[in-house]
Amino acid sequence: MTSALPAHAVERLKGLRTSAHSTGVFTSDFSVNEFLLVRKAGFEPIGLCVGSCVYHVGIQYGSWSQNQELTVLSKAMYHARELAMARMRAEATAMGADGIVGVKLTIKRMEWDEHILEFIAIGTGVVHAAGHQGFRAHDDGPFTSDLSGQDFWSLLHAGYRPVELVMGSCVYHVAHRGMFQTMKAAGSNVELENYTAAMYEAREIAIERMQAEASAAKAEGVVGLEIHEGSHGWQTHVIEFFAVGTAVLPLGEEIAPEKIADPIMVLSVND
Amino acid sequence: MGLFDIFKKSDPEAKAQQAAAEARYEQTVTALSNGRLPAHLIDRLKNSREGTVPWTATMTPSELLIMRSHGIKPVAAVSATCWLHYGWSWTEGHMQGWDAAIERLQAEAKAAGANAVVDVKMRTVPLNIEASMDFTLIGTAVKIDGLPPSENPIVATVPALEFVKLLDASIVPTGIAVGAHYEWLNDWRGRTNLAFAGNLESKPLSTLWETVRRSAHAQLRRRLEKSGGGALAHVNFSQMFEVEDSNDTKKYLARHIVVATTVDVPAEPHLDFRSKTGARLRLADAMPLEFAMAVDLKGEGTPLKGRSRHHQSYSTYEDEGAI
């Protein structure tokens, strides 16, 4: 873990529910359905885990007419999220959680300085009610996942367990087009191949990095993958591709496959 | 990562990295302009197919359940982009742009050895670059047990669960079809000027709208004739603009874009309510799906998620959002 917890955080964590301290209080940001399904899946929520990181993102300009990754910004966006997540995970470790479900990653911009971003990671730490240790991540720390309580239940019943919230980031500068190129395209519908190629590059890099993280976590696959495109106060031709998903492993002995019922398909009359 | 990073440029490792990135970019441009996929992309899809790297899926965990029950396996997340400059028609550029992206998405799915792409989302990057936009598709390439890799994988806009629901009813979602049309109305006689009239229909504008919408839908139908089957049109986008001309005549531009998921419905009627013997069939006999009341596990519409309109005292306009 990257940092020691502050004394007041340790104090707060002491009162929480653990397998040894079953009468303790718990905190979570679960809805009713989530709470019920996490318990149904055999887990108890113990406490809300929070990690935060206020980060000064450095400056980097892409050259006017070149498609290129802005590595300074890519590293900043990745490193800041990593710090926030590691701090959240440190809280979970301190409270003895087996994992964190429903991790929400958000970015807040500070109004007084456009280069300062706050990265926040929040999730609910859970323990296995029967004290099963097999749900931990590959490094024996708590697993992390951005799946909701419902998704967590579904995932276990699909025969998988979450290992790690994996992510990859790529901030990319899309080249400006020269006057000559612009004039050539006037009056016709044509593909701008250099822009298309920029999108392919940036997205591929983000996905590859995420997949490399999943490989490092010894996962079998990544579920719930989302690709976000965002601009965090940069110039107009700069965009971040952020790939995020939950790396999963098949359940070994935890739930026998024959105990998992086949799903029943329903047609909703609501939408 | 500080101010002095500029001085690190001479570092041979950084230089090599930059050269590699540039070479890779050049390769991407060459491949795309020759109608091929970049080599490193094909490698990633091949590795996913062979299982040397983890599979990736935009599917939800409950959709993984159908891997067991219906033998559908995710291979890799696939995506395709076409960035189009609209010189002569914005409206019809949408048809051209999406069509090119669909073709590339199919090429990726083929490289992944897949039978279909499910959960295909239509996206556009929020970069406003003059007179152009990107048409991006993101989805999950899937393999169906017992089927050889497809030459022309299906592109389905519906998520994996709905894909299976449709398959259960022997309907195959086959792709995306786009219809688009625009027209100018030159009002040189001032027929749209109704400033002193009472309650009155503006006939020229009604006609304009009607023509444009009908033409877009006719275009969609023509596209379906090629593929057969039907369409579930989920996007209907229309806009009208008024432009003041130099000599005070008004011009109007109307456009309509319709985007649909095409479905292949078997020819024999499924919802024949009367059988040959005259006995009335129940719906459940015609549809292989069972109907039952069920509680939806989605936590929507509950005040505890903070997303619904139950609480708004603490809503802000701050820039905070999903990343």
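How many bridges join strand β7 of chain A to β2(B)? In this predicted model, the count is three, and the two strands, of which β7 of chain A covers residues 189–191, run antiparallel. One pairing can be picked out by name: E191(A) has L84(B) of β2(B) as its bridge partner.

This link between the chains belongs to a wider meeting of chain A and chain B. Across it, 70 residues of chain B are in contact with 75 residues of chain A. On the side of chain B that touches chain A, strand β2 (residues 72–86) gives the most, with nine residues. Sorted by class, that side of chain B holds 36 nonpolar, 21 polar and 13 charged residues.

Chain B also pairs strands within itself, and β8(B) is a good place to look. Strand β6 (residues 172–187) of chain B is joined to strand β8 (residues 250–264) of chain B by 15 bridges, with the two running antiparallel. Here L185(B) finds its bridge partner in Y252(B). Strand β7 (residues 230–244) of chain B pairs with β8(B) as well, over 14 bridges and again in the antiparallel sense. In this case G230(B) is matched with V263(B) of β8(B).

Helix α4 of chain B offers a simple check that a reader can follow. The helix has 22 residues (residues 90–111), so at 1.5 Å a residue it should span 32 Å. Its end C-alpha atoms are 32 Å apart, which agrees with that expectation. After α4(B) comes G113(B), whose phi is positive, near 65°.

Terms used. Residues numbered from 1 in each chain as written. Chains lettered and ligands numbered in written order. Predicted model: local features only at pLDDT ≥ 70, side-chain atom pairs only at ≥ 80, totals over all residues. Helix = DSSP H or I, 4+ residues; strand = E, 2+ residues; numbered from the N terminus. Expected span 1.5 Å × (residues − 1). Contact = placed C-beta atoms within 7 Å. Nonpolar A, V, L, I, M, F, W, Y, C, P; charged D, E, K, R; others polar. Pairing = 2+ DSSP bridges.
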